[in-house]
Amino acid sequence: MQARASRPLLIGAPTDATRVLLVHAPYPGTLKFEAQPSSLLTAAAPLAQTLAAQGRLAELAIVDPPSACESFFNELERILETGRIEVLCISSSTAAIQEAHRVARLARKVSPRPVHIIGGGPHEDDIDVPMAERLPEFDLSVAGDGEEVLAPLVLELLDGGASAQASLDAPAILSGLELRGQGVVSRRDGKRFEWGGGAPTSVDVVLTRPWMDKSVHFEVFPGRETLPLMVSRGCSYGQCTFCAEASGGRQRVVSSFEPLEGLLDAWPNAALYFQDSIFPTGRRVQEELLPMLAASGRPWGCQVYLPSLSERWVHALSEHGCIYLYTGIESGSPSIRAAVGKAKLGDSMVGERIGWMRDAGLRVGISLMFGVFHQDGRMLETEESVRATEALIERVYSSGVSVAGVYPNVMTVLPGTSLARSLQARGASLDFYSPPRTPALDAFEDGGVGFTGALPQGLLRRAARLGVAGTGALGSASG
């Protein structure tokens with residue numbers, strides 16, 4: 001009989017043994033789903049595995065605050081003041097870049113010993129000016145396949161015995177290694193080490209990475225812990241103007257789903273939520289993954305793109321234990337959907353696909369986007385387009401499908417997106433290290449972060465009304 005996959009490595013909170021601290025820069029808002037920092041844990045996987053093999057896993061710890069509250073910074077200050085932290089690895093999205101900078105400044109201010117600070121995460125992957133070159137508190141920042149370089153860099157800092165400056169010489173440390181994938185290690189003095197052109201890094205790390213020793217819950221699965229999973233990298237659609245994952249439709253799926261068995265053993269009662277940009281399809285998913293999920297006997301959900309669905313596939317997901325699908329409809333205005341890269345998503349298609357989900361007994365979560373402007377900078381959102389979105393959501397509720405939540409967002413210009421590149425080509429000056437904060441948008445899923453357009457307050461209030469989860473947000477729909 002085939003042996004079950006091994007249980008995952010767990011990274012816990014800081015202790016007296018901690019020397020390397022991973023920090024997920026807190027999002028400056030309140031998200032509805034507290035996941036786990038997948039990019040940070042993926043990058044740290046070889047480091048965690050090496051330390052665990054040497055019996056030193058306790059030297060690695062993680063802090064993942066649910067929000068940018070003062071209690072988090074107070075606790076972090078207490079940890080840094082002990083002087084035990086030698087390496088601080090900070091992962092940040094663009095929305096959280098100011099919080100990431102505050103973490104680094106705090107470390108420089110209160111730690112009684114020199115701390116090596118390394119930055120990375122989605123912001124570094126998409127930005128033109130690296131964190132280490134823009135924020136003086138950072139020694140290094142890593143873009144791209146960080147799992148290839150983070151372990152040798154951190155282990156050199158811990159055990160290399162070199163001086164602080166010499167130990168930050170990325171080319172000397174990394175040049176002799178066979179690095180897969182591609183990326184850039186940047187230093188605060190402007191020197192960079194780039195690699196690439198070899199075999200792509202293993203996508204299997206998304207299932208074999210370490211996990212946080214904490215519980216995660218999602219309101220879609222009441223009364224259950226929720227395990228956030230990914231089984232792929234990239235997006236099989238990749239044409240949304242507002243997303244930096246526009247990769248021309250390239251999606252790589254793990255070569256084996258076997259590691260999932262170990263995760264199911266470790267969390268026997270947890271629901272599963274697949275955070276892949278789009279849940280993958282294909283023969284192996286149908287013949288291997290779906291039966292495994294069905295045999296686990298637990299509820300699960302995933303993210304889908306409506307034009308790529310078939311009625312048969314929707315029912316197959318339901319028959320194998322899926323109870324929830326999350327999808328981006330964005331707007332009730334066809335011109336706005338076209339402007340954000342979703343021209344194929346027509347009203348009739350939305351109605352048809354939602355009907356399939358209703359008939360399959362699935363719940364649905366719907367993402368909307370307000371304040372949309374054209375890639376030339378023209379504001380497209382109008383009173384009429386907001387009314388069209390309201391009417392579309394009314395029809396969704398009236399269809400009888402079980403709506404778990406409607407999640408309104410506001411268009412944000414992020415680095416690495418086609419929207420940002422287009423605006424910059426037209427002379428727009430975008431400072432991705434100081435994203436604007438707009439308190440009037442706090443009711444939206446993304447909160448008041450990084451909004452670069454302008455909407456009348458009346459439209460904002462009407463748009464925010466659509467975010468009443470699961471109750472029928474609009475008058476006729478709620479009856």
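Both faces of strand 4 are covered in this predicted model: V87, C89 and S91 lie on one side, L88 and I90 on the other, and all of them are buried. That makes 5 of the 5 residues of strand 4 buried, so the strand is largely enclosed by the rest of the structure. It is a good place to begin a tour.

## Around strand 4

What does strand 4 pair with? On one hand there is strand 2, which runs parallel to strand 4 and is joined to it by 5 bridges. Within this pairing, V23 has I90 of strand 4 as its bridge partner. On the other hand there is strand 5, also paired with strand 4 in the parallel sense over 5 bridges. Here S91 stands opposite G120 in strand 5. Between these two strands the chain passes through helix 4, and the resulting β-α-β crossover from strand 4 to strand 5 is right-handed.

Helix 4 spans residues 97-110 and includes E99. Is E99 buried or exposed? Its relative accessibility is 10%, so E99 counts as buried, the cut-off being under 20%. Leaving aside residues up to four places away in sequence, E99 touches P26, P28, A68, F73 and R437.

## The mixed sheet and helix 7

Strand 4 belongs to an open sheet of 7 strands, ordered 3-2-4-5-6-7-8, in which the pairing is mixed. Strand 3 (60-63) and strand 8 (192-195) are the edge strands, each pairing on one side only. From one strand to the next, the twist averages 15°.

Further along this sheet, strand 5 (residues 116-120) pairs with strand 6 (residues 140-144) in the parallel sense, over 2 bridges. The bridge partner of I118 in strand 6 is L140. Helix 7 (residues 150-159) packs on the sheet and touches strand 2 (20-24), strand 4 (87-91), strand 5, strand 6 and strand 7 (183-187). The direction of helix 7 makes about 155° with that of strand 4.

How many residues of helix 7 are buried? The count is 7 of its 10 residues, which leaves the helix mostly covered. The buried residues are L150, A151, L153, V154, L155, L157 and L158.

## The parallel sheet

Now to another sheet. This one is open too, with 6 strands in the order 10-13-14-15-16-17 and parallel pairing. Strand 10 (226-229) and strand 17 (402-410) stand at the edges; each has a single partner strand, so one side of each is left without a neighbour in the sheet. Neighbouring strands here are turned by 20° against each other on average, direction ignored.

Strand 13 (residues 271-274) pairs with strand 14 (residues 300-303) in the parallel sense over 3 bridges, and F274 stands opposite C302 in strand 14. For ease of reference, here are some of the strand pairs described above.

| Strand pair | Sense | Bridges |
|---|---|---|
| Strand 2 and strand 4 | parallel | 5 bridges |
| Strand 4 and strand 5 | parallel | 5 bridges |
| Strand 5 and strand 6 | parallel | 2 bridges |
| Strand 13 and strand 14 | parallel | 3 bridges |

Strand 15 (residues 322-330) holds a residue worth a look, E330. Its phi is near 75°, a positive value in a residue other than glycine. Most residues other than glycine have a negative phi. With a relative accessibility of 5%, E330 counts as buried.

## Nonpolar cores

In soluble globular proteins, nonpolar side chains tend to be buried together. The largest nonpolar core in this model has 65 residues, and L229, F274, F279, W300 and M357 touch the most other members. Not counting residues up to four places away in sequence, W300 touches F221, L272, F274, F279, L290, L293, L317, H320, G321, C322, I323 and Y324. Apart from this core lies another, of 46 residues, including V340, M369, V372 and Y433.

## Cysteines

How many disulfides does the structure hold? There are 0. C235 is in no disulfide, and the nearest cysteine sulfur, that of C243, is 6.5 Å away. For C243, also in no disulfide, the nearest cysteine sulfur is that of C240, 6.3 Å away. C235 is buried, with a relative accessible area of 11%, whereas C243 is partly exposed at 27%.

Note on methods
Residues are numbered from 1 along each chain as its sequence is written. This is a predicted model: local features need pLDDT of at least 70, side-chain atom pairs count only at pLDDT 80 or more; totals for chains, interfaces and linings use all residues. Side-chain values use heavy atoms; hydrogens and water are left out. Helices (H or I, at least four residues) and strands (E, at least two) are DSSP runs, numbered from the N terminus. Buried means under 20% relative accessible area, exposed over 50%, partly exposed in between (1.4 Å probe, protein chains only). Contact means heavy atoms within 4.5 Å. Two strands pair if DSSP finds at least two bridges between them. Axes are lines fitted to C-alpha atoms, for helices over the stretch in contact, and angles run from 0 to 180 degrees between N-to-C directions. A crossover is right-handed if, with the strands pointing away from the viewer, the path from the first strand over the helix to the second runs clockwise. A disulfide is a pair of cysteine sulfur atoms within 2.5 Å. A nonpolar core is a set of buried Ala, Val, Leu, Ile, Met, Phe, Trp, Tyr and Cys residues joined through side-chain atoms within 4.5 Å.
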